[in-house]
Amino acid sequence: MSVKAQSQFLQVVTRDEAERRFREHLALVPLGAHIIPLHEALGRVLAEDVCASIDVPGFDRSNVDGFAVQAADTWGAMEEDVRSLALTDESLAPGIVPRHEVTAGTATAIATGGMLPRGADAVVMVEYTDVEDGQVHIRRAATAGENVSYAGTDIARGETVLRAGQPLSSREIGVLAALGLAEVSVHRKPRVAIFSTGNEIVAPGAPLPVGAVYDSNAAIISAAVQELGGEPVRLGVIPDDEALLSAALQQGLTCDAVVFSGGTSKGEGDLSYRVVAALKDPGIVAHGVALKPGKPVCLAVTDGKPVVILPGFPTSAVFTFHEFLAPVIRAFAGLPPEQRKQVPATLPMRINSERGRTEYLLVGLVPTDDGLSAYPMGKGSGSVTTFSGADGFITIGQHTEILDAGAPVQVQLLGDALEPADLILIGSHCVGLDWLSGELMRQGIRIKSMSVGSTGGLMAAKRGECDAAGIHLMDPATGEYNRPLLTPALELITGYGRMQGIVYRPGDARFEGKNAADAMAAAMADPACTMVNRNAGSGTRILIDRLLAGAQPAGYGVQTKSHNAVAVAVAQQRADWGLAIDTVARQYGLGFIPVQEERYDFAIPKSRLERAPVKAFIALLQSSAAREALRGLGFRVD
């Protein structure tokens with residue numbers, strides 16, 4: 001991202017006004033009759049479970065255009081009392097690997113999707129800054145983790161993301177593409193040209209360099225076009241080159257519609273808007289819509305053909321595609337308007353929203369004694385798995401800032417109907433639970449699993465919103481795991497042990513060959529030794545804080561949400577140590593110093609113990625086959 005002045009969005013308009021302008025110049029009628037084959041994968045059924053071989057994202061990345069900083073350097077910043085930091089000599093566009101560490105008193109320019117440099121723990125939005133004479137003046141304070149998506153928070157390596165026997169819709173195909181998998185075991189259809197833009201985008205099946213991401217957008221949009229009765233014309237990945245983008249657009253205009261992703265924000269380096277701005281009759285009709293996610297979407301029409309630039313992040317891209325282009329494709333294909341089904345539900349937790357933008361929030365639905373509960377899926381607009389696991393979404397009005405826990409909402413279903421699960425699992429994710437879930441699904445039991453952390457799972461179990469909650473929470477007073485935290489209404493079903501320990505890069509003399517106490521002492525004695533923390537409320541964070549005894553070494557404010565994210569940070573040298581389980585340390589080839597065995601157990605509402613799927617879950621967990629399989633995965637089973 002350049003630190004020069006930025007070109008701004010055109011006038012931001014409401015969703016309804018953008019749709020009116022767009023459709024005003026389109027004839028929403030069928031295009032005629034024509035028959036061609038469907039894409040092979042769409043509608044087929046998976047023969048194997050799909051496990052992630054990579055983390056998505058594979059690096060800590062910025063969610064906004066701005067400046068990577070140490071949050072502590074911004075504390076107290078206000079319009080009338082700015083904080084000034086020295087700029088490093090690099091600017092981190094997507095796909096660029098940082099060369100310099102962000103130290104106290106410095107900042108690095110970074111674009112949306114750029115790799116967070118070592119030392120930085122937050123990104124300040126460019127809107128709250130001014131640049132002058134090699135310094136950036138910050139007018140608003142940032143908190144650690146603000147505007148950052150940490151590595152592995154979307155998909156964790158080894159995680160089972162799709163299961164055998166599952167039909168493939170556009171959402172599942174998008175997940176497969178994000179993992180880099182190139183293969184898996186009537187009115188004329190409108191031809192829709194589709195391509196992705198960005199030097200950091202890599203086609204599935206190709207090697208993935210550090211700082212790059214697989215192209216999931218083109219895959220998921222192509223499949224959606226097929227679902228809508230259209231024929232995708234895939235033009236591949238186009239680099240950030242104005243001549244190449246112009247050529248791709250002209251090629252796309254031989255089709256009935258053009259849609260591509262990337263290059264819709266206000267960064268000076270985004271070329272997509274510049275290329276589309278050359279279109280006439282009438283050309284661009286809206287650039288910037290008051291939506292979340294999806295504000296940067298750009299809508300244009302030329303010679304009766306729609307041209308849409310989608311935001312680069314997958315969730316934003318999919319939402320804006322379905323809001324604006326999907327109804328047009330349906331009409332071109334001769335299909336009636338979609339009849340969107342809604343169901344009432346309540347929110348189990350408080351939700352904050354941004355005033356001024358209509359927000360679409362993806363949710364998973366859980367049946368309770370009082371009706372449906374809508375759990376926010378909440379992995380952010382950069383997530384590719386959120387759509388796959390969600391049942392629907394709620395719409396939060398642009399003038400609403402807060403929805404309290406227990407608030408009634410209307411959920412718009414993503415599918416034709418809500419298919420209830422036989423067994424609902426809410427809590428902390430574990431590959432051991434993945435194995436158990438897969439075995440139960442092979443028995444014909446339908447499972448809904450939502451990873452909300454141990455604390456979230458325990459609360460869901462207390463409210464009776466799940467059949468089982470996987471938890472690993474240590475009671476600070478006693479050091480015992482899980483049992484002291486249960487209420488009389490819950491039953492604790494013993495799971496298995498997971499060894500927590502210090503992970504580090506092999507050969508690091510501060511840790512190599514040392515026990516936990518000596519390693520911690522060496523880490524504390526070296527101010528340059530940077531840790532990577534875990535999120536508050538997690539079982540691992542409780543253990544970390546107990547070990548640190550009030551100390552907050554370098555990196556303490558970097559709070560990741562998974563063991564995998566910790567391991568990625570250490571392996572990529574953005575941190576020197578952290579706490580994770582031994583199975584993850586082995587996956588990444590890291591050194592491991594045992595600290596404490598934790599218990600991963602299951603809290604089950606007693607009112608659900610007699611349900612047949614719950615009995616099947618407990619029987620499997622306690623079987624000799626499960627014990628052998630869990631030991632093979634590296635867990636400790638009594």
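Leaving aside neighbours within four places in sequence, Glu323 is in contact with Arg15, Glu19, Arg340 and Tyr360. Glu323 sits in helix 6. Its relative accessible area is 5%. Buried means under 20%, so Glu323 counts as buried. The model is predicted.

**Confidence**

The protein chain has a mean pLDDT of 87. Of its residues, 93% reach 70 or more. Two stretches fall below 50. Over residues 1-9 the pLDDT is below 50. That stretch still has 27 contacts in the model beyond near neighbours in sequence. Over residues 34-38 the pLDDT stays under 50 as well. There the model has eight contacts beyond four places in sequence. Where pLDDT is low, the predicted coordinates should not be read in detail.

**The sheet**

Six strands form an open sheet. Their order is 14-11-15-19-18-16, and the pairing is mixed. Strand 14 and strand 16 are the edges, each pairing on one side only. From one strand to the next, the twist averages 15°. Strands of a sheet pair through backbone hydrogen bonds, either parallel or antiparallel.

How do strand 15 and strand 19 run? They run parallel, joined by four bridges. Val259 stands opposite Val308 in strand 19.

The residue ranges of the six strands are listed here.

| Strand | Residues |
|---|---|
| Strand 14 | 231-238 |
| Strand 11 | 191-197 |
| Strand 15 | 257-261 |
| Strand 19 | 305-310 |
| Strand 18 | 298-302 |
| Strand 16 | 282-287 |

**Helices on the sheet**

Helix 3 covers residues 217-227. It lies across strand 11, strand 14, strand 15 and strand 19. Its direction is at about 165° to strand 11.

Helix 6, residues 314-332, also packs on the sheet. It touches strand 11, strand 15, strand 18 and strand 19. Its direction makes about 165° with that of strand 19. This is the helix that holds Glu323.

**Helix 12**

Helix 12 spans residues 563-571. Is it enclosed or exposed? Eight of its nine residues are buried, so the helix is largely enclosed by the rest of the structure. The buried residues are His563, Asn564, Ala565, Val566, Ala567, Val568, Ala569 and Val570. Just after helix 12, Gln573 takes a positive phi of about 65°.

Notes. Residues are numbered from 1 along each chain as its sequence is written. This is a predicted model: local features need pLDDT of at least 70, side-chain atom pairs count only at pLDDT 80 or more; totals for chains, interfaces and linings use all residues. Side-chain values use heavy atoms; hydrogens and water are left out. Two strands pair if DSSP finds at least two bridges between them. Helices (H or I, at least four residues) and strands (E, at least two) are DSSP runs, numbered from the N terminus. Axes are lines fitted to C-alpha atoms, for helices over the stretch in contact, and angles run from 0 to 180 degrees between N-to-C directions. Contact means heavy atoms within 4.5 Å. Buried means under 20% relative accessible area, exposed over 50%, partly exposed in between (1.4 Å probe, protein chains only). pLDDT is the predictor's confidence in each residue, from 0 to 100.
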